[in-house]
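Biologist: I am new to this structure and should be grateful for a close look at one part of it. Please take a single strand and describe its surroundings in a connected account.

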Amino acid sequence: MLRNLFDRGLWWKEFRQARLMLLAMLVVGFFALPYTHIRYYSIMQSGEIYGELMHIIRELKETPAGFWMVTDLLSSFLSTMIVMSLILAIYQLGLERHAHRQELSFSLPYSRSQMYITKLLIGVTFIVISILINVLLDIVMLYALDFSFMMMWEDYVTYIGKLLLVVLSAYSIGMFVGTISGSLVAHIAFTFVVIYYPEFIRWSFRTVSHLYEISILQNYNHYPLTTYFFDMQYGSYPSLFILLVTIGLGIVHYRFNHAEHNGKWVVVPIWEKILIIGFAISSGLFFGFYVYHQHYSGKIGYGIGFGVGLLIGYVMIKLLNRLRVRF
Amino acid sequence: MLRIETIAKRIDNRQVLSGASFEVEPGQIVGLLGRNGTGKTTMLRTIVGIYDPDGGKVTLDGIDVHTKPEVKRDLVFIPDAPTALEGYGLGECAKMFARIYPKFDMDFFQITLKEFGLAEGQKVRKLSKGMKMLFSTTLGLATRARYILLDEPTNGVDVIAKKQLLAIIMGALTPESSIVISTHMLHELDRIADKIVLLRDGKTDEQWTLEQLQQQVRKLQIVFTEGASAQMLDQPCVHVLQQIGPVHTVLMESDELYTLLSDNSKLLIDELPLTLEDWFTWKSGGDGDAA
């Protein structure tokens, strides 16, 4: 089993396919963390305090025990690495569906699960390497710039651990999205949907629950994942749970990928139905909101908007679904 | 032995394959024929595991290729264009395949590339269409897999390179290995194929060795002299290729009818050499669905 997971031919192929992303993640990560510390330092040295850094530097000067400053930086490092990990997932799966690359993969003597797990392991390796190297560089920088005296290293290490888990779970979500998307464009589009859709749902449910007094919808703030990509306030367990679930879902969906559907929006039949229903309902929610705020307020206005939107959305997605996307 | 058993495949609400079956024995070159859109590429893709069959199975020495993909170390598919490898260098592809296929013959790959005037450092995307096919066929043959599936290998290749390509295909064949070629170039198959499989309406009802085919089907030129009626050719076992006045060029699949016609003193009969193209025209001509 282990030998299967570390087949050198498959590893070489997958590494070769994604290697550019390792370099990109290292470079972008560097500018998101260690370089920013150097910039802070040079600004402090020059005595010129300006722009978005002003409040940070001022407060740092007033309260030297400034781990918060580092966490502030780490959270921007976290967002950057989440974006990079999602791009990595698109690079590994979305791009593979372009130019018959997936067909080459499927013709090779490996099982689909073996291929997907190898992709994941390569991705995880890239993420861990790029984060750890940049964090190490950051630590070296903090020492070199004499910031180390105000660091709370235990908190720092815990934060990095959580950061790794959150980035890995975001990456795994991106990979799972890639297993059901039929093209590069679809993978990119659905990644945006996964990021922003929970916000849209929260926003829509707020209006609907207020209008129709539906109690169950009033808990919109507590739905799982609604703020996953924005707040990152979850503890380690939800991230771990998401990581494991999306890995499992990804393996299952990749195993049943139909290469003949490549070019469609969705390659898994059940998700095609979900897409049609979801798109129509979302269109209804959007148009309901629009009519309610722009033309006729009240339940009837919202209802008419929702109905029209539902119909428009259904027709649109049916037409879109017939298209084959080359990229 | 590679055995394809009642494979069915539906793509975009169209039944492309509906119970296609054939066998590939060691040492054989098998020609897979069919008009455009009859599912030859789908068939090859299903055999190699790119597509999962909706029904039936593909076995290699009795092992199901789709449930045990590791047996595909002995089964290689070379598509009609190596688009998946366009970002790679030629030597890089060889290194990758050498890691995947344990019997990869690097010497053969390097020597053949040199023969074609290709350098290992060149990028696949920089090659002309014909050169890409020469390269990818060489790559496939160098794996030394026992079963090699080639989809339109002579597509876009010039006459000289085509000869070289056919020579390396023939040269790579060993008593243990087999090659399946899907092609429209029937005159090439005429020279190299041992067995012909005709794909029509998603099925493979017509399968012949070339020897059997030449024994079974006759190409005749028949001249109907005065008083003789050409109506006797209106039979399912006869296909009229051409008619110029009383001269009919026909294909005939019946010994009895041939004997009957031969005994008719009002007819002048001459036997012509049968080509695969004649037979293909007969068998695929009525295939209205084929695009």
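Modeller: The account below follows one strand of chain B and its partners, and then turns briefly to helix packing in chain A. The model is a predicted one. The strand chosen is S13 of chain B, which spans residues 247–252. Five of its six residues are buried, that is, under 20% relative accessible area, so S13(B) is largely enclosed by the rest of the structure.

Two strands of chain B pair with S13(B). One of them is S11(B), residues 218–224, which runs antiparallel to S13(B) and is joined to it by six bridges. In this pairing, Lys219(B) lies opposite Leu251(B) of S13(B). Strand S12(B), residues 238–244, is likewise antiparallel to S13(B), and six bridges connect the two. Here Gln243(B) faces His248(B), a residue of S13(B). S12(B) and S13(B) form a hairpin with two residues between the strands, and in this hairpin Gly245(B) adopts a positive phi near 60°.

As for the helices of chain A, H2(A), residues 8–32, packs against H7(A), residues 112–144, at an angle of about 25°, with the axes 9 Å apart. Angles under 35 degrees count as roughly parallel, and H2(A) and H7(A) are therefore roughly parallel to each other. Their crossing is right-handed, and the residues of the contact comprise 17 nonpolar, seven polar and three charged. Helices H11(A), residues 269–294, and H12(A), residues 299–322, have axes that come within 6 Å and cross at roughly 145°. The crossing of H11(A) with H12(A) is right-handed, and its contact residues divide into 17 nonpolar, eight polar and two charged.

Conventions: Residues are numbered from 1 along each chain as its sequence is written. Chains are lettered from A and ligands numbered from 1 in the order in which they are written. This is a predicted model: local features need pLDDT of at least 70, side-chain atom pairs count only at pLDDT 80 or more; totals for chains, interfaces and linings use all residues. Side-chain values use heavy atoms; hydrogens and water are left out. Axes are lines fitted to C-alpha atoms, for helices over the stretch in contact, and angles run from 0 to 180 degrees between N-to-C directions. Helices (H or I, at least four residues) and strands (E, at least two) are DSSP runs, numbered from the N terminus. A crossing is left-handed if the near helix is turned anticlockwise from the far one by less than a right angle, and right-handed if clockwise. Ala, Val, Leu, Ile, Met, Phe, Trp, Tyr, Cys and Pro count as nonpolar, Asp, Glu, Lys and Arg as charged, and the others, Gly among them, as polar. Buried means under 20% relative accessible area, exposed over 50%, partly exposed in between (1.4 Å probe, protein chains only). Two strands pair if DSSP finds at least two bridges between them. Angles under 35 degrees count as roughly parallel, over 145 as roughly antiparallel, 65 to 115 as roughly perpendicular and the rest as oblique.
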